[in-house]
Amino acid sequence: MKKLEALLEWGGTKKDITLLVISAAALICSIFDLLPLPFDPAWVSIALCGIPIILEAVIGLVTAFDIKADVLVSLALIASVLIGEDFAAGEVAFIMQLGALLEDLTVAKARAGIERLVHLTPRTARVLRDGGEEILPAEQVRVGDVLRVLPGETVPVDGVIQAGQTSIDQAVMTGESMPVDKGVGDEVSSGTVNQFGSFDMRATKVGEDSSIQRMIRLVQSADAGKAKIVGLADRWATWVVVIALTAAVLTWLFTGQIIRSVTILVVFCPCALVLATPTAIMAAIGNATKHGFLVREGDALERLAAVSKCTFDKTGTLTYGTPRVAAVQSFLPELSEEAVYALAASAELRSEHPIGKAVVRCCRASSNAEIAPPESFRMLPGRGVEAEVGRHTVIAGNPELLAERGIPLEDGARTAAETYLAEGCTVIYLAVDKRLAGLLALADTLRPEAAGTIRQVKRAGVTPVLLTGDHEEAARQIAGQLAIEEYRAGCLPEDKLDYIDVSERQGQQVCMIGDGINDAPALKRAFVGIAMGGVGSDIAVDAADIALVDDAIREIPHLLRLSRRMMRTIRHNLAFSMTLNFIAIALAITGILNPVVGALVHNAGSVFVIINSAFLLKWREKT
C-alpha cells in the first residue's frame, strides 16, 4: 500500500500540467484519428490520468473504507474500458484530473511562520554570578538567576527588574506601538527588546514556561481545532455511488443491455460536481488578487463566507502604528504653543526613542523652520531626555522625571494631561529652566478608511470587534471613533485565543484581522485569519489564511461579500450539474445516449460550471 501511495505523490504541479497537456493531445488524436497507432490514443489519457484515480480509490477503500467521488469515477473508467469505449474512459479521466489540478492550485503549501518565531527566541543570557557576568545558553537559565540585559538585547526569559530603568519594546507580545517604560519591580517578558538602559532582572519563568515559548506552542497548536471543509463531491460521494450503482444494476437487469448501464456510470461521473467548487474558488481568488489579497489557503474563502464576527487588532491594522503629535499645550504665558513644540523637538532631536522621533518628525512636517540642535543631550532611560537648547535647560519626559527634579505638577496641568490620557494619548511633559512649560499629547494615527470599513463590515452582516494589547483608554477611544460596540483591551496572545474559542463555542465563526507577531496564534486559530501584508510581520503573514498585500483595509468588506457570492455560485453550479446528470441518466436508461455521447453531454455541464465560475473574476457588488 505504501508503494501505491508513493506512486501517487511522485509528481508536482508542473508534471501534472504536462500530463494533462499530453492527455488532451491524445484525446484529440483519438477523436479525429490523427495518428496511425496500433492502439487508441485515448489510452494515453487513461494511463496518465485514469490510473492515479483508480489507485487513489483503492487506497481509500482498503485503508479506511473511505468512499469518495473517485470510487464512482473508477467504476465508470473500468466499465468503459471493458466494453471498448476507450475515448469515453479517457475523456472522463482527463476531466477529473483537471478538476484535481485546479483544487491543488488553490491549496497553500508549507509555512515558515513557526520557524521564524523560533528565530526570535533568545539564544544566550548574561547571568550574574560570583561578582561577574557569564554568558550562557538561554535554556540553561534557572528560576531565581539574576541576569543583566544591555540596550538593544532581547530579554532571554521572563522576570522582574531588580535594578535599572529602561524602555521595553513589547510589540512581540502585545502589539503596542510604543515602548513601555520599566523600572524596579516591573515585569519583563522573554522575546521583548530592551530599547535603552541596561537593567538587572531576576528570572521567574524559564525554558518552556517563558512567554516566547508559550507563544510558539500557541501557534503550533492553534489550528488543531480549525475544521477543514470537505469537498462537496466527496461529502456526497457515498450517496452518489449508491444511486449510480443501483440505477446501473437495475437497468442491466430490466433491459439486459450492459452498454446502458455503463452509460449511466459515465454520465453519473461527478465531473461537474468536482469542478463546481475549485473553479469558483480559483475565479474568486483571481478577483481577490486584483483587490490586493493573497489567498494562501484554498478553502479560506469558503470559510470566510460563514463568519459572523470580524475581530480587528488596533495597532497597524485600524491605525498606522506610528505615533503623531495630536496636541500641544503651553502653561507659561511667555511661551506660545509653537515655542513649546520647537523646544520639545530640539530636546528630542538626538533621541532614539520612538516617541522622541515622532515629536521631531511631526514638528518638521508642521513647520518649515529648522529645528535648533541642542548644545548638550542626555538620555534618561525610562524617564525622558534632558538637553541644553540655547540658553535654556529643557527637560522632556514623564511625571517621575519632573518629581526627581523637584518640578511640581500643578492641578491645571494634571487635569489637562488626564483629558488626553482618557483619549488614549501618550503625554510628554516639558520643563524649561525648572519650570513646567507645557505638554505634548501623542496618539496613534487612525487609518482614514477605517471608519468606512467598519460601516461596510456591519452592512455585510458581520459584527466588528476590537481586540488590542493597548490600555483601556486607547481601546475605548478607538472603538468610540469607529462605532465598534464590542472591544477588549490589554489582550495578550492567549487572551485573543480565548475570545475566539468562546465565540466558537457560542456558535459564532470568527475572522481575525491583525498584523503583529502577537497576533499570529489568533490568526492561525481563527476560522479565517487575514494578515496585513505590508506593515505586518512575516510570522503573522505565515500564520494567516489570507494576506492583505497593500494594507488597504477598505477592501475587506468586498472580500466578505465576494466569499458569499462565491458560495452562491458553487451552489448554482452544483444544482445545474446534478440536474443535467439526472436528465442524462433518464436518457441513458431509455437507450437514447451511448457512453461517448453521454460523456460529451455531461461534460457540457462542466463547461457551464467553468463559464459560470468565470463571472466571479470581475464581480464587485455595488454599494
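**Two sheets and the helices packed on them**

L482 sits in helix α20, which covers residues 472-482. The structure here is a predicted model, so everything below describes that prediction. With a relative accessible area of 4%, L482 falls under the 20% cut-off and therefore counts as buried. Setting aside the neighbours within four places in sequence, the contacts of L482 are L318, L446, A450, A451 and I454. A451 shows how the fold brings separate parts of the chain together: A451 and L482 are 31 residues apart in sequence, yet their C-alpha atoms are 5.0 Å apart in space.Helix α20 also packs on a sheet, and that sheet comes up first. The sheet is open and has seven strands in the order β10-β22-β21-β20-β11-β18-β19, with mixed pairing. Its edges are β10 (293-295) and β19 (486-488), each of which pairs on one side only. On average, neighbouring strands here are turned by 20 degrees against each other, direction ignored. At the β19 edge, strand β18 (residues 463-467) pairs with β19 in the parallel sense, over three bridges. One residue pair to look for is L466 with its bridge partner in β19, Y487. Helix α20 touches both β18 and β19, and its direction makes about 155 degrees with that of β19.

The next sheet is an open one of six strands, ordered β12-β17-β16-β15-β14-β13, with antiparallel pairing. Its edge strands, β12 (319-330) and β13 (376-380), each pair on one side only. Neighbouring strands of this sheet are turned by 20 degrees against each other on average, again ignoring direction. In general, the strands of a sheet pair through backbone hydrogen bonds, either parallel or antiparallel.

Starting from the β13 edge, five bridges link β13 to strand β14 (residues 384-389) in the antiparallel sense. Within that pairing, S376 has E388 in β14 as its bridge partner. Over at the β12 edge, β12 and β17 run antiparallel and are joined by eight bridges. There, R324 stands opposite A443 in β17. Strand β17 also pairs with β16, antiparallel and over seven bridges, and A431 has L436 in β17 as its bridge partner. These two strands, β16 and β17, form a hairpin with two residues between them. In the turn, D433 has a positive phi of about 55 degrees. Strand β17 is mostly covered, too: 10 of its 12 residues are buried.

Helix α18 (residues 411-422) packs on this six-stranded sheet, touching β12, β16 (426-432) and β17 (435-446). The direction of α18 makes about 5 degrees with that of β17. The length of α18 can be checked with simple arithmetic: at 1.5 Å a residue, its 12 residues should span 16 Å, and the end C-alpha atoms are indeed 16 Å apart, which agrees.

Which residues of α18 are buried? They are A413, A416, A417 and Y420. These four cover an arc of only 95 degrees around the axis, so they lie on the same side of α18. The spacing fits a simple rule: an α-helix has 3.6 residues a turn, so residues three or four places apart point the same way. Among the elements that cover the buried residues of α18 are β12, β16 and β17. Just after the helix, G424 takes a positive phi of about 85 degrees.

Notes. Residues numbered from 1 in each chain as written. Predicted model: local features only at pLDDT ≥ 70, side-chain atom pairs only at ≥ 80, totals over all residues. Heavy atoms only, no water. Buried < 20%, exposed > 50% of the residue type's maximum accessible area, 1.4 Å probe, protein only. Contact = heavy atoms within 4.5 Å. Pairing = 2+ DSSP bridges. Axes fitted to C-alpha atoms, helices over the stretch in contact; angles between N-to-C directions. Expected span 1.5 Å × (residues − 1). Arc of directions from axis to C-beta.
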